[in-house]
Each structure stands twice: as C-alpha cells, then as structure tokens.
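Colleague: I have a model open on my screen and would love a guided close look at its aromatic side chains. Could you walk me through what they pair with and what surrounds them?

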Amino acid sequence: MRMRSLRRLVISCAAAGAAACRATRGAVPPATPTLDAAETRLVARVEAALDSLDALRPFSGIVVVRHRARTLLVRTRGVANRQTGAAIDLGTAFNLGSSNKLFTAIAVRRLVAEGRLAADAPIARYWPDYPDPPFARVATVEQLLAHRSGIGGDIFGRPPGGRLSLRRNDDFVPLFAGVAPEFAAGTQQAYSNPGFVVLGGLIERVAGVSYYRY
C-alpha cells in the first residue's frame with residue numbers, strides 16, 4: 001500500500017470510527033469475517049501503521065476498516081479518560097473540535113457545485129431572518145469559508161440554559177449574533193468559529209435537513 005493510500009485510509013477510518021461511536025454505544029466489535037489474501041495484507045498493514053503511531057505517541061481512537069460493505073477490522077486503542085484510566089470503547093464520544101470545519105466546507109462546496117448555493121451571495125439571500133440583518137446583507141458565503149467575513153463574538157459563552165442546552169446548530173447563534181464585526185467583510189482575515197456556525201445554518205436552510213443529517 002502506498003503511503004498516500006494509507007493516509008486516505010486513516011482519514012476514512014477516523015470518520016468511520018466517530019460514526020461508530022455514536023451508533024453503537026455499548027456494542028462489541030463485529031466478528032472479523034473470513035479475509036482473502038489482499039484483505040489480509042491490508043489489515044496487517046493497518047495494524048502495523050497503528051503500531052508505528054503508538055511508537056511515536058500513544059494512539060487513542062477507533063479504527064474501522066470496511067471494504068465492499070464488509071467490516072474487516074475494528075480496533076479501539078487508548079484511554080478515554082486520563083484521570084480514571086477508562087479505556088476507549090465503541091461507546092466513547094469524541095470531540096472533533098475544529099476538524100469538523102472540513103466537513104462543513106465540503107458540504108458548502110457540494111451545494112455550490114450543485115447550483116443550490118452561490119459562493120458570492122450574501123447570507124441574507126438564504127437566511128432572510130438572520131438575527132443581524134446588516135451583517136447578513138454584506139457578508140458572503142465565500143467570506144465565511146475564508147474567515148474573511150469579520151463576524152464578531154464567539155461560541156464559548158455561557159448560554160442561559162447551560163452548555164447542555166446547545167443541541168442544534170442554531171442554538172449557538174444567540175451567543176454571537178449582534179456582536180459588532182471585527183472588521184468590514186472582505187477587508188481582513190481572522191480565524192472564526194461563529195462563521196462556521198453560520199455556514200452550518202446555511203447548509204440546513206438550503207438542504208432542508210439538519211446540519212448533522214446532511
């Protein structure tokens with residue numbers, strides 16, 4: 001297996017593992033099917049790659065390898081809680097952090113490619129009741145993607161109902177909507193968490209389903 005293919009495999013496995021965590025809480029790994037020669041070599045190489053990762057730095061996570069609708073390998077490694085020493089299992093939930101921005105950007109680009117969303121269009125075209133109309137009329141989809149919208153505020157404030165009240169994408173919007181922009185849209189660049197929350201809201205309104213389902 002070439003290293004490029006292995007990197008793609010590891011990325012795919014990470015995504016599959018996160019999905020497995022949500023869907024199979026408390027479950028046990030499926031029985032390993034009978035593998036052909038090529039699949040056996042693939043599994044061996046993935047195992048070797050995990051061992052290499054462990055040699056550099058202890059690897060914590062779930063790896064799932066699937067081929068032609070068959071699960072070839074499921075491995076859980078590392079600890080879920082360093083204070084208690086609890087091991088990772090298929091019920092472990094992972095905080096993806098800003099890695100999720102990649103999925104958001106891909107979803108937006110897909111909608112743009114399908115002609116359902118225009119990259120140069122202002123937020124207000126798709127979200128007419130966005131709670132900060134002046135900002136929504138000037139900031140564009142592309143500026144949000146490029147962290148050039150100037151959107152102010154952050155998503156780490158304390159909502160009235162506590163952090164556990166933040167269940168849907170739109171639940172985060174009141175934490176920053178209405179905060180003055182940091183700069184005029186398109187004039188500067190500054191890393192923005194709220195901008196990607198807004199992109200998630202645009203995905204929902206254009207696709208007609210929740211961000212998570214899309």
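Modeller: Happy to; here is a tour of the aromatic rings, followed by a helix and the overall chain. Please keep in mind that this is a predicted model, where local features need pLDDT of at least 70, side-chain atom pairs count only at pLDDT 80 or more, and totals for chains, interfaces and linings use all residues. Residues are numbered from 1 along each chain as its sequence is written, and side-chain values use heavy atoms, with hydrogens and water left out.

A search of the whole structure turns up three aromatic pairs (rings of Phe, Tyr and Trp, the last by its six-membered ring, with centres within 6.5 Å; planes under 30 degrees apart are stacked, over 60 edge-to-face, the rest tilted). In one of them, the ring centres of Tyr130 and Phe135 are 6.4 Å apart and the planes meet at 45°, so this pair is tilted. Tyr130 is buried at 3% relative accessibility, and Phe135 is buried at 5% (buried is under 20% relative accessible area, exposed over 50%, partly exposed in between, with a 1.4 Å probe and protein chains only). Tyr211 and Tyr212 have ring centres 5.4 Å apart and planes at 85°, so that pair is edge-to-face. Here Tyr211 is buried, at 12%, whereas Tyr212 is exposed, at 54%.

Trp127 joins Tyr130 and Phe135 in one aromatic cluster. Arg205 lies over the face of Trp127, 3.7 Å from the ring centre, and the charged end of Lys101 sits over the ring of Phe196, at 5.7 Å from its centre (the test asks for NZ of Lys or CZ of Arg within 6 Å of the ring centre and within 35 degrees of the ring normal).

Now to helix α7, which covers residues 193–207 (helices are DSSP runs of H or I with at least four residues, strands are E runs of at least two, both numbered from the N terminus). Of its 15 residues, 14 are buried, so α7 is largely enclosed by the rest of the structure. At its start, a side-chain oxygen of Ser192 comes to within 2.9 Å of the backbone nitrogen of Gly195. Just after α7, Gly208 has a positive phi of about 80°.

Stepping back, the chain holds seven helices and four strands, in the order α-α-β-β-β-β-α-α-α-α-α. Buried residues account for 37% of its 214 residues.

Notes
The expected span of a helix is 1.5 Å times one less than its number of residues. A polar contact is a pair of N or O atoms within 3.5 Å; within protein, one must be able to donate a hydrogen and the other to accept it, and residues adjacent in sequence count only if both atoms are side-chain atoms.
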